[in-house]
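Please open the model in your viewer and keep the selection tool at hand. We will go from stop to stop, and at each one you will hear what to select and what is there.

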Amino acid sequence: MSVVRAIQPIRPIAPRRHLRPVPSTGAPRVAVAPRTSSRANASAVLRALSPKIIVGVVLIILLNLFLSSLSNASIYQISQLKKETATLGTQAQIINQQVASLRSPQNLANSAMALGMVVNSNPVFLSVKQSKIFGTSSPVSANNAGVSNNLIANAVLIAKSNPSKFAASQKAQIDVPTVSSVKTNKSPVVQVVLPSDGIPASPTH
Amino acid sequence: MFNEGTFKRHRNINIVVLLVLLAFIARLTWFQLVAASGFRDEAKKAIEVTKSIEAVRGNIVDSQGNILATTIFTWDVNIDPVNVGPVTLDIDGKQTAFSKEEISTYIATILNVDPASILAKMTGVGRYANLKKNATATQFTQLKNLEIPWLYFDRKQTRYYPQGAVAGNLIGFMSSDGSALAGIERTMNSCLAGNDGKETYEQGADLIKIPSSIRTITPVRDGSDVVLTINSDLQYAAQQEVAATVKRLNADWASAIVIEVSTGKILAAAEAPTVDPNKPGAVKARNRASRIFQTAFEPGSILKPVAAATAIDVGKATPTTHVVAPQSLKMPWGQFINDAELHAPEKLTLTGVLAQSSNTGIVQIGGKVDSATRYDYMKKFGMGEKTGVNFEGESSGVLNSYKNWDRMTDKVVMFGQGVSLTPIQTADIFQTFANKGVRVSPLLISGCRDRAGNMDPTHVDSPVRVISESTASQTMDMLEKVVEKGPIGKTARIYGYRVAGKTGTAQIAEGSGYGRLHAVSFVGIAPAENPKYVVAVTAYKSRNISNSLGATPGFVAVMKQVLKTYAVPPSTTKSKNIPTGWK
């Protein structure tokens with residue numbers, strides 16, 4: 001009931017009229033616009049702009065083409081450089097593996113042994129500070145030498161030193177000064193200074 | 001002016017044009033707006049690629065930074081047999097034609113495989129055949145340079161161990177599919193492995209990646225490096241010695257451990273026979289593990305210093321405590337404890353008991369301490385529990401509660417029977433004597449170091465005070481006499497250095513009794529006056545020498561190498577004058 005009461009009947013409202021008659025001025029209400037004014041202006045503007053628009057569009061297209069070709073070239077260059085990096089990486093790996101093999105203890109032990117070297121298990125220490133020698137030097141014999149021949153496996157020993165080549169190169173180096181045709185300039189004799197608490201130092205510059 | 005017919009015609013044409021235009025606009029709108037996302041996705045699918053970026057596994061390096069394990073690339077060489085045919089190669093600038101047979105021989109030579117097998121694969125009808133797995137970088141380069149169109153390569157990561165079997169027992173190895181199977185490779189896998197990444201990009205028809213389209217989904221994180229405490233040069237020298245020891249003694253195996261006293265760092269943990277991780281299949285399975293951490297056995301007399309130190313620490317004995325040590329000692333319940341060698345009853349001090357390694361002597365002096373106290377000390381020395389190294393499969397050894405000891409076990413534990421230890425546990429006990437009575441957990445892995453050089457150090461257990469400094473010092477004095485005066489200990493002398501140590505000849509349990517062969521060992525410390533290094537050498541089932549004479553040459557050689565490596569100056573003082581006997 002309260003809902004029914006709350007709804008008020010709609011009263012018809014009369015529309016207010018806002019239009020008023022226009023006072024007559026005597027002048028004609030409608031005039032014919034001059035035919036040439038706006039169209040002529042527009043076409044004049046178009047005529048002026050169209051070459052610029054065309055040139056602009058052409059320039060944009062050319063720029064786009066240029067940038068696109070530049071970008072494409074860069075992409076191929078990057079791709080090529082990546083290939084080169086991979087190739088160089090592979091070469092670096094080959095060289096690193098060779099170096100690792102050459103510096104492995106197995107290769108060094110084998111090479112040292114081939115050169116006739118043995119492990120000296122009786123070292124002598126020199127104390128520069130105390131000016132003392134610790135231990136007694138003795139020649140290495142079969143009885144006191146450590147294990148010299150390599151006993152430890154290494155399946156990746158791909159590169160091995162060539163001791164005979166090394167020995168030959170050492171010999172060649174030693175032989176050089178003995179060649180009679182080589183003229184040598186004698187260096188002035190410089191006395192080696194022995195510091196009181198250090199290693200004897202050569203006055204080399 | 002237009003007439004009406006013309007106007008109508010124009011109007012109709014305009015309407016038709018307008019309708020066509022509207023149809024185009026409608027269709028365009030449908031393409032551009034309604035169905036645009038579908039077309040965009042379809043186009044993207046055609047040119048977009050999602051690729052996984054494999055993280056590079058980290059290195060395992062020694063304390064000096066020398067690489068023991070690293071990752072390299074190898075290539076699987078494959079062919080498309082259907083497309084295989086004769087090829088023309090550029091040989092010295094000259095185009096030369098090769099038949100299928102000729103090129104197969106050439107490929108086989110490069111790959112170092114049987115040419116017949118290569119040719120057989122090349123004449124197949126399938127679209128895939130593998131010519132060789134894990135071709136080296138050199139082989140790959142040689143083949144790639146041939147530019148054979150039907151030959152293609154799959155690059156993959158492969159583990160590479162440049163020093164071969166050096167520390168092979170510790171490093172472990174990987175499977176061919178890149179799974180960590182053993183050793184540090186497996187236990188430290190979370191540090192080494194890294195995280196694979198993922199990225200998407202667009203590519204052209206020629207499969208070229210368009211740089212501006214690259215989008216990283218998951219960033220790749222390469223693995224970190226594991227830094228060991230091992231000195232690989234020392235490890236190699238120690239392995240050489242144990243390999244020579246195995247040969248000399250005709251033993252099952254031998255091991256040598258070097259520990260830095262003050263830090264517990266393991267500088268070498270050498271074993272023979274061992275494994276080259278590059279070819280783990282080349283050795284028997286039992287040689288691929290690390291016995292130093294995984295094999296426990298009754299250590300024998302090498303444990304006598306523990307009983308002696310316990311007696312001193314609880315005030316029941318001193319280094320000069322007297323005892324009469326018979327060759328055979330009858331227990332109250334009728335069983336006998338015997339010394340290894342036949343001898344008349346000897347009047348020995350506790351120092352003499354250790355020097356002579358008398359079972360009957362140590363049982364009498366050590367027996368002054370009750371079982372529970374002795375058991376507690378043995379626990380504090382680390383027996384019966386794993387070391388802090390946490391090596392995979394590490395054994396804790398066996399130390400039964402004193403409550404479960406029978407009357408005989410209660411006695412024999414004092415000379416290393418009825419209890420089992422791994423070689424690393426034995427070495428750790430001597431580290432305690434050398435480190436003024438404080439046991440430091442052995443350390444094998446310094447930490448995990450990321451690519452930026454940030455180190456995550458390994459957690460180290462707190463040091464444990466086991467015996468007093470005074471007891472440790474007295475034990476060291478006694479152990480020095482073992483090397484000075486012991487019949488076998490003498491062979492462990494190193495000219496110019498004071499050395500402390502103990503021999504051990506242990507029977508090896510077999511079935512319900514003991515077998516014929518022994519585990520012989522010597523653990524030594526040098527220089528004794530300022531202990532720096534512990535070296536423990538063991539030879540298991542020695543067939544040629546059945547006492548510690550089999551182990552002392554290896555000890556001497558390894559300890560000399562240690563002293564030389566770390567430039568330890570010879571001793572300038574003399575040992576204390578402690579009597580080994582009495583009248």
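How many salt bridges does the rule find across the interface of chain B and chain A? The number is 0. Keep in mind on this tour that you are looking at a predicted model.

**Stop 1: the interface**

Color chain A and chain B separately, then select the residues in contact: 34 residues come from chain A and 38 residues from chain B. Between them, about 3000 Å² of area is buried, and carbon and sulfur atoms give 63% of that. On the chain B side, select Tyr160(B), Tyr236(B) and Gln240(B), which lose the most area to chain A and together make up 19% of what that side buries. Although salt bridges number 0 here, the rule does find 8 residue pairs in polar contact across the interface.

Next, show chain B as a cartoon. The elements that give two or more residues to the side touching chain A are strand S3 (67–79), helix H5 (137–146), strand S9 (209–218), helix H9 (232–249) and helix H18 (552–565) of chain B. H9(B) gives the most, with 6 residues. If you color this side by residue type, you should get 22 nonpolar, 9 polar and 7 charged residues.

**Stop 2: a sheet in chain B**

Stay with H9(B) and select what lies under your cursor next: this helix lies across strand S11 (253–260), S12, S22 and strand S23 (533–542) of chain B, and runs at about 30 degrees to S12(B). These strands belong to an open sheet of 5 strands in the order S12-S11-S23-S22-S21 (chain B), with antiparallel pairing. Its edge strands are S12 (266–272) and S21 (500–510) of chain B, each pairing on one side only. From one strand to the next, the twist averages 10 degrees.

Zoom in on S21(B) and S22 (residues 513–526) of chain B, an antiparallel pair joined over 10 bridges. To see one of the partnerships, select Ala500(B) and its bridge partner Ile525(B) in S22(B). Then add helix H17 (residues 469–485) of chain B, which lies across S21 and S22 and runs at about 80 degrees to S21(B).

**Stop 3: a salt bridge**

Side chains of opposite charge can pair when their charged atoms come close. Over all chains, the structure holds 15 salt bridges. For one of them, select Lys133(B) and Asp76(B), whose side chains meet at 4.0 Å, N to O. The pair links distant parts of the chain: Lys133(B) sits in strand S6 (residues 129–135) and Asp76(B) in strand S3 of chain B, 57 residues apart.

Conventions. Residues numbered from 1 in each chain as written. Chains lettered and ligands numbered in written order. Predicted model: local features only at pLDDT ≥ 70, side-chain atom pairs only at ≥ 80, totals over all residues. Heavy atoms only, no water. Contact = heavy atoms within 4.5 Å. Buried area = accessible area lost by both parts, 1.4 Å probe. Polar contact = N/O pair within 3.5 Å; in protein donor to acceptor, adjacent residues only side chain to side chain. Helix = DSSP H or I, 4+ residues; strand = E, 2+ residues; numbered from the N terminus. Nonpolar A, V, L, I, M, F, W, Y, C, P; charged D, E, K, R; others polar. Pairing = 2+ DSSP bridges. Axes fitted to C-alpha atoms, helices over the stretch in contact; angles between N-to-C directions.
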